Amino acid sequence: MSGDYIAVDWGSSHLRAWLYLNGQCADSLQLPYGISRLVDQTACDVFAQYIQPWRGKETLPVIMAGMVGSDAGWQTVPYLACPVSLQTLSAQLFEVVPQVWIVPGLNTLHNVMRGEETQLLGAMQLAPDTCYVMPGTHSKWVQVAEGAVSGFTTAMTGELYHLLMQHSLIGRGLPAQQDDNRAFQAGLQRGLESPALVNRLFEARARRVLGELAPGSVGDWLSGLLIGAEVVAMRSELSVSQVTLVGGESLCRRYWLACEQAGITVNEIAGDTAFQQGIRSILDARR
């Protein structure tokens with residue numbers, strides 16, 4: 001597809017946007033103005049200051065996905081109930097101002113997502129599979145059947161890690177954390193072997209206190225424990241033997257190791273690649 005447009009991934013913590021001219025990325029930006037960080041500004045204010053100038057006199061079309069469509073964002077956009085074909089996203093966009101649309105999220109009985117649906121659309125086209133894992137603050141395990149999202153489950157692994165490291169006894173008084181692959185692998189094995197976390201989390205502190213774990217390696221050990229437990233729990237709940245990871249390289253690498261050691265066959269696609277393909281597909285469907 002060739003064309004001029006703007007793609008926006010607007011989450012809780014950050015705003016990322018890409019300007020496309022003649023089908024090629026001409027400019028991009030990343031700002032710390034996620035929906036949860038808008039103190040004295042509205043989403044509309046931030047859009048006017050940073051994205052509107054890209055539109056110029058041509059009034060380029062803008063497709064936005066993520067928490068910008070939540071009740072804390074620019075405008076609340078209804079969720080689409082699963083099962084749903086993501087090919088319908090283009091017909092369900094919510095226009096907030098002329099030629100500026102927000103992509104709707106998805107929901108099941110007790111689960112919601114915003115932003116990941118656009119990545120999923122792209123991932124399903126570029127790397128067809130029946131189960132996608134989208135690591136992050138709230139990891140999504142998505143099931144696909146006959147080209148439609150049949151359901152998904154959320155694991156709060158990333159947020160739990162942050163809370164434990166920043167607001168619990170486990171992380172209290174620790175120095176800056178260092179990359180420690182051995183510590184991650186050790187924690188991962190513990191999580192894979194014993195996914196019942198309630199009676200395993202305190203080991204992160206006990207191992208440090210007893211000298212088995214360096215103070216700067218607690219984070220990687222805890223990360224391994226949490227990811228291992230998540231993978232084993234989801235493997236059991238979903239009876240999955242093959243997945244495609246969709247996300248950033250660093251986090252996907254950790255999930256790849258966990259899945260591999262849990263006996264799950266793994267494929268991977270970059271989250272940004274999937275997102276951009278999803279945006280292009282939505283625009284193509286509208287033309």
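**Exercise 1. Is Gln277 buried or exposed, and what relative accessible area does it have?**

Solution. The model is predicted: local features need pLDDT of at least 70, side-chain atom pairs count only at pLDDT 80 or more, and totals for chains, interfaces and linings use all residues. Residues are numbered from 1 along each chain as its sequence is written, and side-chain values use heavy atoms, with hydrogens and water left out.

Step 1. Locate the residue. Gln277 belongs to helix H8 (residues 271-286). Helices (H or I, at least four residues) and strands (E, at least two) are DSSP runs, numbered from the N terminus.

Step 2. Apply the cut-offs. Buried means under 20% relative accessible area, exposed over 50%, and partly exposed in between (1.4 Å probe, protein chains only). The relative accessible area of Gln277 is 18%, so this residue is buried.

Step 3. Identify the surroundings. With neighbours within four places in sequence set aside, Gln277 is in contact (heavy atoms within 4.5 Å) with Gly122, Gln125 and Leu126.

Step 4. Examine the helix H2. Helix H2 spans residues 116-126 and is mostly covered, with nine of its 11 residues buried. Among the buried residues of H2 are Gly122, Leu120 and Leu121.

**Exercise 2. Characterise the environment of Tyr20.**

Solution. Step 1. Tyr20 is placed in strand E2 (residues 15-21).

Step 2. Its relative accessibility is 8%, so Tyr20 counts as buried.

Step 3. Beyond its neighbours within four places in sequence, Tyr20 is in contact with Gly3, Asp4, Tyr5, Cys25, Ala26, Gln276 and Arg280.

Step 4. One of these partners is remote in sequence: Gln276 is 256 residues from Tyr20, while their C-alpha atoms are 10 Å apart in space.

**Exercise 3. Determine the pairing and burial of strand E4.**

Solution. Step 1. Two strands pair if DSSP finds at least two bridges between them. Strand E1 (residues 5-10) runs parallel to E4, and five bridges join the two. Within this pair, Ala7 has Ile63 as its bridge partner.

Step 2. Strand E8 (residues 100-102) also pairs with E4 in the parallel sense, over three bridges. Here Trp101 of E8 stands opposite Ile63.

Step 3. E4 (residues 62-66) is mostly covered, as five of its five residues are buried.

Step 4. In a regular strand the side chains alternate between the two faces of the sheet. In E4 both faces are covered: one side carries Val62, Met64 and Gly66, the other Ile63 and Ala65, and all are buried.

**Exercise 4. Describe the two open sheets and identify their edges.**

Solution. Step 1. One open sheet has three strands in the order E5-E9-E10, with mixed pairing. Its edge strands are E5 (80-81) and E10 (111-113), each of which pairs on one side only.

Step 2. Strand E9 (residues 106-108) pairs with E10 in the antiparallel sense over three bridges; Val112 in E10 is the bridge partner of Asn107.

Step 3. Another open sheet has six strands in the order E6-E13-E12-E11-E14-E15, again with mixed pairing. E6 (84-85) and E15 (265-270) are its edge strands, each pairing on one side only.

Step 4. Strand E14 (residues 242-247) runs parallel to E15, and six bridges join them; Val246 has Ile269 of E15 as its bridge partner.

Step 5. Strand E11 (residues 131-134) pairs with E14 in the parallel sense over two bridges, and Val133 stands opposite Leu245 in E14.

Step 6. Because five of its six residues are buried, E14 is largely enclosed by the rest of the structure.

**Exercise 5. Summarise the overall dimensions and composition of the protein.**

Solution. Step 1. The secondary structure comprises eight helices and 15 strands.

Step 2. The radius of gyration is taken over C-alpha atoms, and the globule rule is 2.2 Å times the number of residues to the power 0.38. For 287 residues a compact globule would have a value near 19 Å; the protein has 20 Å, which agrees.

Step 3. Along the principal axes, the C-alpha atoms fill a box of roughly 65 × 45 × 35 Å.

Step 4. Of the 287 residues, 51% count as buried.

Step 5. Among contacts with a separation of 6 or more, 62% are between residues 24 or more positions apart.
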